[in-house]
Amino acid sequence: MKDSFDRTIDYVRIAVTDRCNLRCFYCMPANGIPYEPKAHLLSYEEITRLLRVLGELGFRKVRFTGGEPFLRKDFMKLLENTSALPAFESIHITSNGTLLQKHLPRLKELGVTKINLSIDSLDKDRFHEITRRDDFVKVMDTFHLLIANGFQLKLNAVIMKGINTQDIIPLAELAKNHPVAVRFIEEMPFNGGYKENIEMYSARDIYSDLQAHYGTLLKNPGKHGDTATVYQIPGYQGTVGVIAAFSRTFCNTCNRLRISPKGEIKSCLYDDGVFNIRDYMRSGVTDLELSEKFREIIRLKPKDGFEAEKMRKTPKAAMQSMSSIGG
Ligand code: SAM
Ligand code: SF4
């Protein structure tokens, strides 16, 4: 369905948990964030119901994220339910890759083959510093297993000034011999209060580094709802992309809604929740009422992330963790 800026909204991102086994410092403080009690999280039956209603409204793509989605015990059950919903052409997952290996055969059976894996450095020690956990070898094993099993893989790397800009080229080199879309993401200020100000390494800076190294970068034509500007390096199997997540240059083609683990709907990543759909559902509303509520939320979707930020009730975005809103 269309919003008031004529954008087709057909993609929902659901953070299935706020819990995580890593502690990436751009996402949360070292001692983590206060987790919501389990009873406050949407149950998988509630998520399935929301997806059914959204499917009837024309949604065709769903991404499960978190926190770490594979930490949730009933996550595979949720994937089974979702794959039985005919509306969803594709099911996507964003994961840190530490817990998914044992689920790989079932994921394949379910046809859930589109995975975004987060790896911010190819240097084991730097990976440890960034994530505050020593899981580099496991995550790289997951990377190779996913490739070997034919998964369609995207790799997410948050690029931070003074931290891992030296990883841009080594990470881009993964696209040389692997069919992987390596995407470099601007850091956003959602770190659960770990730090208030971020020193930006912008999409433009990242692009300059790539261009200085590779010279020719052929821009791929964009697809509906793309946030990444994607480039082909001649002769490479995969691609590299840059996501201006903080500069917000892609809002005019936004196609998404977000749902947080406790059912808070975000019609933009930069708003602080426009409606709690969990409470609404638990008040006993019908599917028709749910559907009407989604229509209203979509109609009111702000023009861009700057407008959404101005409308926030809580001014400090940095106090929120990406883990509780779903990256
Ligand atoms: N735990 C999973 C993972 O790390 O892939 C899924 C949830 S994580 C919040 C989703 C994505 O958000 C990851 O790729 C992560 O790097 C990104 N992310 C988290 N905090 C961010 C921030 N402050 N700025 C930009 N991206 C961020
Ligand atoms: Fe966990 Fe993902 Fe946040 Fe890292 S980015 S702390 S893996 S939720």
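## Helix packing and ligand shells: worked exercises

The axes of α1 and helix α2 (residues 75-83) come within 10 Å and cross at roughly 25°. Here axes are lines fitted to C-alpha atoms, for helices over the stretch in contact, with angles running from 0 to 180 degrees between N-to-C directions. Helices are DSSP runs (H or I, at least four residues), numbered from the N terminus.

This is a predicted model, so to speak: local features need pLDDT of at least 70, side-chain atom pairs count only at pLDDT 80 or more, and totals for chains, interfaces and linings use all residues. Residues are numbered from 1 along each chain as its sequence is written, chains are lettered from A and ligands numbered from 1 in the order written, and side-chain values use heavy atoms, leaving out hydrogens and water.

**Exercise 1.** Classify the α1 and α2 pair and find its contact residues.

- Step 1: angles under 35 degrees count as roughly parallel, over 145 as roughly antiparallel, 65 to 115 as roughly perpendicular and the rest as oblique.
- Step 2: α1 and α2 are therefore roughly parallel.
- Step 3: Y44, I47, T48 and L51 of α1 meet K77, L78, N81 and T82 of α2, where contact means heavy atoms within 4.5 Å.
- Step 4: sort that contact by class and you get four nonpolar, three polar and one charged.

**Exercise 2.** Do the job again for α1 and α10.

- Step 1: the axes of α1 (residues 44-56) and α10 (residues 287-299) come within 10 Å, crossing at roughly 65°.
- Step 2: that pair is therefore roughly perpendicular.
- Step 3: α1 brings R49, L50, R52, V53 and L54, while α10 brings D287, L290, S291 and F294.
- Step 4: the class split is five nonpolar, one polar and three charged.

**Exercise 3.** Which residues come nearest to ligand 1, and which backbone atoms pair with its nitrogen atoms?

- Step 1: of 18 residues around ligand 1, Y26, G67, S118, N156 and M188 come nearest; being around it takes a heavy atom within 4 Å.
- Step 2: a backbone N or O atom of Y26 sits 2.8 Å from a ligand 1 nitrogen atom.
- Step 3: for a polar backbone atom of G67, the distance to a nitrogen atom of ligand 1 is 3.0 Å, and for one of M188 it is 2.8 Å.

Key
Helices (H or I, at least four residues) and strands (E, at least two) are DSSP runs, numbered from the N terminus. Ala, Val, Leu, Ile, Met, Phe, Trp, Tyr, Cys and Pro count as nonpolar, Asp, Glu, Lys and Arg as charged, and the others, Gly among them, as polar. A polar contact is a pair of N or O atoms within 3.5 Å; within protein, one must be able to donate a hydrogen and the other to accept it, and residues adjacent in sequence count only if both atoms are side-chain atoms.
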